[in-house]
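Biologist: I am new to this structure and would like to learn how to read it. Could we begin with the idea of a nonpolar core?

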Amino acid sequence: MSNLEASYRLILREIRKISENENLYFKPITPKLSDLELISLIILAEFKSIDSEHQLFREIKGFEIESKIERSVYNRRKRRLFPFMVEKLNEFENYFIVDSMPLEVCKLARSSRSKICKDTDYAFPNKGFCASQNLHFYGYKLHAVCSISGVFQSFDLSPASVHDIHYLQDIKQQLSDCVLLGDKGYLSKTIEIDLFNQVNIQLETPKRTNQKEYKPQFYQFKKHRKRIETLFSQLCDQFMIRRNYAKSFDGFKTRILAKITTLTTIQFLNKFVFNRNINNLKINLV
């Protein structure tokens, strides 16, 4: 048995332990390859940095699953699946970090004639600016919340021009009774008071030096905020989240979803199966 196939079987075995059903949504005809087997294959591909579906199907040649699914069917079914493991990893967390990162769909010079992701009216990409990287770009923003241990709690996509602070309105539906750490992009006294009154979220952001009652942010909070930046770097490096081959918005968001799900799954295996640091992502599973 190859290392690739052994890794696939390990992932599948552990996912079956936390799922009651092999298939996550109704299908008139039961497929040869179950949803859990498909999820395991997606996670395997992302973990091994196999970013091409053609390459993936060459790699699994000779596997038991090779005859169970065609590449075109794999792509369509992949879009309909959703991750389900985050709650267990963040069960006892009280401190979270919020941040965003740019996701280009094409270079700025091609934006005026690009048709990428313009199949869905409500989710057109547009031009935006990332202050931390001093970067003008065309595409979307990935908004995310993670725990201080480095596990994504929630995330969302928005057009590039949407300001980071608007994502805090959505957080009220997802978090409560916790401390939320953000950078200066999330400074807003109005929203800070609203979050505290509505869902008991204490928003902690560094103050600008010209603000009244300025004082440096607590050192541990500054240190914890770097955790989400490390996660974004891992998504860019090992999982190549900024490399886009998708033409439709459904395809684009599915790629993002698959990469974040894979990262979370490896963290889950590290904690509950191998009993090692959850953020050691570049370690063989078998």
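Modeller: A nonpolar core is a set of buried Ala, Val, Leu, Ile, Met, Phe, Trp, Tyr and Cys residues joined through side-chain atoms within 4.5 Å. In soluble globular proteins, nonpolar side chains tend to be buried together. In this predicted model, the largest such core has 60 residues. Leu142, Phe152, Leu235 and Phe252 have the most contacts inside that core. A second, separate core comprises 16 residues, including Leu175, Cys178, Leu180 and Leu195.

Biologist: Which residues does leucine 142 touch, apart from those up to four places away in sequence?

Modeller: Among them are Asp99, Ser100, Met101 and Leu103, as well as Phe155, Phe232, Leu235 and Ile260.

Biologist: How do the axes of helix α2 and helix α9 cross?

Modeller: Angles of 65 to 115 degrees count as roughly perpendicular. The axes of α2 (residues 35–47) and α9 (residues 249–272) come within 9 Å and cross at roughly 90°; the two helices are therefore roughly perpendicular to each other. Ile42, Ile43, Glu46 and Phe47 of α2 meet Ala258, Lys259, Thr262, Thr265 and Ile266 of α9. By class, this contact has five nonpolar, two polar and two charged residues.

Biologist: Which residue in the segment after α9 should I examine for its backbone?

Modeller: Most residues other than glycine have a negative phi. Asparagine 275, in the segment after α9, has a positive phi near 55°. Asparagine 275 is also exposed, with a relative accessible area of 69%. Aspartate 177, likewise not a glycine, has a positive phi of about 50°; aspartate 177 lies in the loop between α6 (167–171) and β5 (178–181).

Definitions and conventions. Residues numbered from 1 in each chain as written. Predicted model: local features only at pLDDT ≥ 70, side-chain atom pairs only at ≥ 80, totals over all residues. Heavy atoms only, no water. Buried < 20%, exposed > 50% of the residue type's maximum accessible area, 1.4 Å probe, protein only. Contact = heavy atoms within 4.5 Å. Axes fitted to C-alpha atoms, helices over the stretch in contact; angles between N-to-C directions. Helix = DSSP H or I, 4+ residues; strand = E, 2+ residues; numbered from the N terminus. Parallel < 35°, antiparallel > 145°, perpendicular 65-115°, else oblique. Nonpolar A, V, L, I, M, F, W, Y, C, P; charged D, E, K, R; others polar.
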